[in-house]
Amino acid sequence: MISFNVVNTSNNAVIAIWRALNAILDPLLAPIRRFMPNTGGIDFSPMVLIVLLRLLSILLNGLAASGY
């Protein structure tokens with residue numbers, strides 16, 4: 001969104017939210033980005049993270065249901 005100038009980057013609240021999100025998500029996305037091929041301007045690492053988190057959720061729910 002910031003890349004396409006959709007959000008006003010001169011607003012302090014926007015900058016604070018952007019920095020907070022980057023501080024939280026960059027440690028999770030950086031390892032995925034190292035293994036992903038370069039696709040130009042599109043970053044698929046957030047989608048991969050969502051899929052991995054969903055698979056982890058399914059696995060943990062399955063373990064909880066089986067009694068482990």
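**A nonpolar patch on a two-helix chain**

Let's begin at the surface: Ile 42, Phe 44, Met 47, Val 51, Leu 52, Leu 55 and Ile 58 together make a nonpolar surface patch of about 660 Å². Keep in mind, as you look around, that this is a predicted model.

Ile 42 is a good residue to pick out from this patch. You will find Ile 42 in the loop between α1 (12-35) and α2 (45-66). Its relative accessible area is 52%, and because the cut-off for exposed is over 50%, Ile 42 counts as exposed.

From that loop we can move on to α2 itself. This helix, α2, has 22 residues and reaches 32 Å from its first C-alpha to its last. That span is close to the 32 Å expected at 1.5 Å a residue. Just after α2 comes Gly 67, which takes a positive phi of about 100°.

Now step back to the chain as a whole. How many helices and strands are there in the chain? There are two helices and zero strands. Along its principal axes, the C-alpha trace spans about 50 × 30 × 20 Å. The radius of gyration tells a related story: the chain has 16 Å, whereas a compact globule of 68 residues would have a value near 11 Å.

Finally, consider how much of the chain is covered. Of the 68 residues, buried ones make up 6%. The accessible surface of the chain comes to about 5,800 Å², and carbon and sulfur atoms account for 69% of that area. The patch we started from, with Ile 42 among its residues, is nonpolar too.

Notes. Residues are numbered from 1 along each chain as its sequence is written. This is a predicted model: local features need pLDDT of at least 70, side-chain atom pairs count only at pLDDT 80 or more; totals for chains, interfaces and linings use all residues. Side-chain values use heavy atoms; hydrogens and water are left out. Patches are made of residues with over 30% relative accessible area and no salt bridge: like charges are joined within 9 Å, nonpolar side chains (Val, Leu, Ile, Met, Phe, Trp, Tyr) within 5 Å. Accessible areas come from the Shrake-Rupley method with a 1.4 Å probe; for residues, only the protein chains shown count as cover. A salt bridge is a side-chain nitrogen of Lys or Arg within 4 Å of a carboxyl oxygen of Asp or Glu. Helices (H or I, at least four residues) and strands (E, at least two) are DSSP runs, numbered from the N terminus. Buried means under 20% relative accessible area, exposed over 50%, partly exposed in between (1.4 Å probe, protein chains only). The expected span of a helix is 1.5 Å times one less than its number of residues. The radius of gyration is taken over C-alpha atoms; the globule rule is 2.2 Å times the number of residues to the power 0.38.
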